[in-house]
Amino acid sequence: MVRRLPVYLLLDTSGSMKGEPIESVKVGLEAMVSSLRKDPFALESVHLSIITFDREVKDILPLTELENLTLPDIITPESGPTHLGMALELLYERCNKEFIRGSSTQKGDWKPLLFIMTDGKPSDMAKYQEFIPKIQSLGFGSIVACAAGPKSNSESLKLLTENVVHLDTTDSSTFSHFFKWVSASVSIGNRSQGSGDNNELPPPPPDVHPVI
Amino acid sequence: MAKTITLVGISGNTIEFVDNGDPMQGGMKDVYFSPDKSYVVAFFRDYDFNKNRQEYNNLKDRMLEIVTTKKDGVFKQEGGAYWTDLLCWPYDLVEHNGKLGIAVPAYQKHFFFSVGSKNNDFLGIKGKEKNGKWFASPFHFNKNLDAHEKGDWYKYIIVCLHIARATRRLHSAGLAHSDLSYNNVLVDPTSGKAAVIDLDGLVVPGKFPPDVMGTPDFIAPEVLATKHLAKTDSNRKHPSIQTDRHALAVMIYMYLLHRHPLRGGKIHDLDPVKDEELSMGSKSVFIEHSTDKSNRPKMADVKPSHLTPTPWPDVSKLPYSLCGPYLQGLFNQAFIDGLHNPALRPSAGDWEHALVKTIDLIQPCQNKSCELKWYVFDNNTKPKCPFCGTSYKGQLPVLNFYVKTPAGKFSYENHRLMVYSGQNIYQWHVNKNILPNERLAPETKKPVADFHFHNNKWILINRKLNSLLDVSDSNKEIPIGSSIEITDGKQILLSKEDGGRLIIVQLVNNQ
């Protein structure tokens with residue numbers, strides 16, 4: 001009777017993320033999972049999936065309920081391209097399989113959420129553009145793309161979603177704020193609702209800038 | 001990096017908070033602790049004097065009223081001090097960098113988990129606030145919470161009584177809370193305590209209503225059904241005392257039965273957002289509706305872990321009738337008659353009264369390892385614990401209360417007291433003119449007589465009653481300090497004073 005809230009994270013693990021950036025992402029992820037597990041609403045509904053992308057695309061965490069979730073290790077290669085297009089392809093395939101759509105006899109999932117974090121730009125632009133409309137057709141509740149660090153490219157992310165945020169740096173404090181915001185965005189459904197039009201996402205923290 | 005900011009409140013007193021750059025974030029407010037953590041200062045995030053002066057001033061106007069006249073109206077009355085623990089009321093107003101803040105007492109210690117979740121707190125919630133959701137969901141109740149945090153069924157009745165009483169007080173002052181939910185009511189099922197928080201959303205008559213619709217699960221159907229209309233549209237329904245009554249009924253149902261009264265198997269739309277809106281709003285149906293069975297929960301959809309050890313989601317195994325006749329009647333009124341007809345919803349006072357009477361029907365389960373430990377006597381000749389299935393063995397005295405009519409005859413009140421060893425009689429049982437509420441003096445809250453099963457007999461020991469009479473034995477007086485045996489058909493007058501009650505004993509025998 002409790003609907004699932006699927007949350008997909010697509011994380012850039014290309015060579016440039018090696019070192020402090022990816023370590024900060026891991027710490028941020030752990031903090032996010034721990035904080036969601038302390039939230040009785042999230043614990044009951046949130047299911048998390050993580051896909052990493054560099055030269056290869058890896059399905060490192062299949063859609064798993066929070067209570068049974070253990071974060072896998074994330075490994076980055078020395079160098080290599082950023083295959084975000086391939087990641088979207090895998091995501092598309094996975095979502096089509098995994099979503100429980102409402103039917104006349106069964107309550108379906110809440111609209112899933114998608115968070116993408118990259119510190120560069122897609123190396124496989126053609127595939128990326130091919131999958132944008134397909135991903136958009138899946139009916140995500142929101143798609144948030146995060147351009148992290150000075151070399152990231154907000155323009156290409158803008159093609160996928162209007163919710164693009166920019167992180168000035170890829171250090172631990174910035175990622176910690178970013179994942180805190182992601183977890184707040186995931187929990188927002190159970191807060192008091194305003195009488196005006198509902199803002200889907202909470203305002204990002206100061207070092208996470210919306211790209212307009 | 002953290003610095004202490006010192007301000008002067010509207011009261012003229014000094015208000016301080018520690019700005020660590022990382023406030024706790026509520027739905028509408030950013031919250032900072034005072035240096036000694038005895039209070040918090042909560043700033044309204046979306047109101048800025050420099051951006052929208054009119055909105056800001058409307059808010060300030062409403063808050064001013066809440067921290068001054070409305071607060072005094074509740075706390076400066078007779079028995080006002082009683083509310084300190086039940087209503088976490090903002091008491092001062094500050095302004096800082098174009099934002100408006102309120103000073104609110106910090107929550108009491110028992111509203112934070114002391115043990116937390118199972119298996120040595122595998123979730124890491126020890127020290128966190130006891131959000132009511134932990135206690136209202138079958139998943140958390142059965143699977144996540146440590147046994148030390150759960151309390152027994154009696155304690156949930158007391159928790160609900162405190163919530164109903166606090167809500168009744170607000171409503172009797174003409175104020176609506178507007179956002180009653182498990183986020184805004186702290187509960188401690190280990191002690192039965194509860195406190196209503198976030199009182200800054202109070203709807204003050206004649207002032208601008210707050211900017212909230214409520215919290216999912218608790219928003220009244222008519223508010224959801226009209227939310228597409230403009231705020232100024234006269235058909236748009238805003239939070240009010242009547243919508244609080246809906247939220248209160250939902251909360252009581254959830255704390256006693258650990259499931260939501262409207263979340264069943266009926267599907268209204270394939271889109272989850274629309275389905276949610278309809279199933280809580282215009283198309284909502286009580287899951288235990290006696291004739292419209294369309295929204296019964298589908299057991300096939302329930303995870304097995306939500307059903308053990310106690311099958312809360314299964315309405316056929318644990319129907320709401322287990323809450324006893326008084327609460328069952330009010331649930332019918334709230335979720336059948338009044339669901340789409342707000343005027344018919346029971347008032348907070350109705351709930352308070354029914355909960356007090358239900359306490360008298362409660363008895364301990366004889367199974368020492370029963371998780372819930374207490375249950376309501378269902379007026380059955382073969383009583384049985386609905387939670388663990390253990391039947392009552394032995395003699396069970398039931399006291400039926402009668403009260404004198406103006407014509408001088410005793411008439412039945414539809415009020416019973418179930419006897420168990422150690423059960424007490426209080427002043428509010430003795431005299432119908434005494435009601436258990438905040439106005440009772442501490443002395444009047446003490447037990448006046450008690451029951452024991454002694455040498456295979458049920459006895460009543462008189463501790464403080466100066467005119468206790470055995471009516472069945474030619475009005476023989478039972479002096480203070482002596483006892484009387486309780487037998488089937490025995491008639492005892494508790495007080496000769498005006499309003500004094502007569503009890504007639506009914507002995508249920510189960511061997």
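**Exercise 1. Find the residue of β7(B) that stands opposite B:D92, and describe the hairpin around it.**

*Solution.* Start with the pair. B:D92 stands opposite B:A103 in β7(B). Next, place the strands. In chain B, β6 covers residues 92-96 and β7 covers residues 99-105. They run antiparallel and are joined by 5 bridges. Strands are DSSP runs of E with at least two residues, helices are runs of H or I with at least four, and both are numbered from the N terminus. Two strands pair if DSSP finds at least two bridges between them. Now the turn. The hairpin has 2 residues between the strands, and B:N97 takes a positive phi near 50°.

This is a predicted model, in which local features need pLDDT of at least 70, side-chain atom pairs count only at pLDDT 80 or more, and totals for chains, interfaces and linings use all residues. Residues are numbered from 1 along each chain as its sequence is written, while chains are lettered from A and ligands numbered from 1 in the order in which they are written.

**Exercise 2. Give the strand order of the open sheet of 6 strands in chain B, then its edges.**

*Solution.* Trace the order: β14-β13-β22-β21-β18-β19. The pairing is antiparallel. Then take the edges. β14 (410-418) and β19 (476-477) of chain B each have a single partner strand, so one side of each is left without a neighbour in the sheet. Now look at one pairing. β13 (residues 394-404) and β22 (residues 501-510) of chain B run antiparallel, joined by 10 bridges. Within it, B:F401 stands opposite B:I503 in β22(B).

**Exercise 3. Classify the packing of α3(A) with α4(A).**

*Solution.* Take the geometry. Helix α3 (residues 84-98) and helix α4 (residues 125-136) of chain A pack at about 30°, with axes 8 Å apart. Axes are lines fitted to C-alpha atoms, for helices over the stretch in contact, and angles run from 0 to 180 degrees between N-to-C directions. Apply the classes: under 35 degrees is roughly parallel, over 145 roughly antiparallel, 65 to 115 roughly perpendicular, the rest oblique. α3(A) and α4(A) are therefore roughly parallel. Their crossing is left-handed, meaning that the near helix is turned anticlockwise from the far one by less than a right angle.

List the contacts (C-beta atoms, placed from the backbone, within 7 Å). Among the residues of α3(A) are A:L84, A:L88 and A:Y92; those of α4(A) include A:F131 and A:I135.

**Exercise 4. Classify the packing of α10(B) with α11(B).**

*Solution.* Begin with the axes. Those of α10 (residues 325-337) and α11 (residues 348-359) of chain B come within 8 Å and cross at roughly 155°. That makes α10(B) roughly antiparallel to α11(B). Then the residues. B:Y326, B:L327 and B:L330 in α10(B) meet B:D350, B:W351, B:A354, B:K357 and B:T358 in α11(B). By class, this contact has 5 nonpolar, 1 polar and 2 charged residues. Ala, Val, Leu, Ile, Met, Phe, Trp, Tyr, Cys and Pro count as nonpolar, Asp, Glu, Lys and Arg as charged, and the others, Gly among them, as polar.

**Exercise 5. Describe the side of chain B that touches chain A.**

*Solution.* Count first. 31 residues of chain B are in contact with 24 residues of chain A. Next, the elements. In chain B, α3 (133-136), α4 (138-144), β10 (212-214) and α9 (272-280) each supply at least two residues of this side. Last, the classes: 15 nonpolar, 7 polar and 9 charged residues.

Terms used. Two residues are in contact if their C-beta atoms, placed from the backbone, lie within 7 Å.
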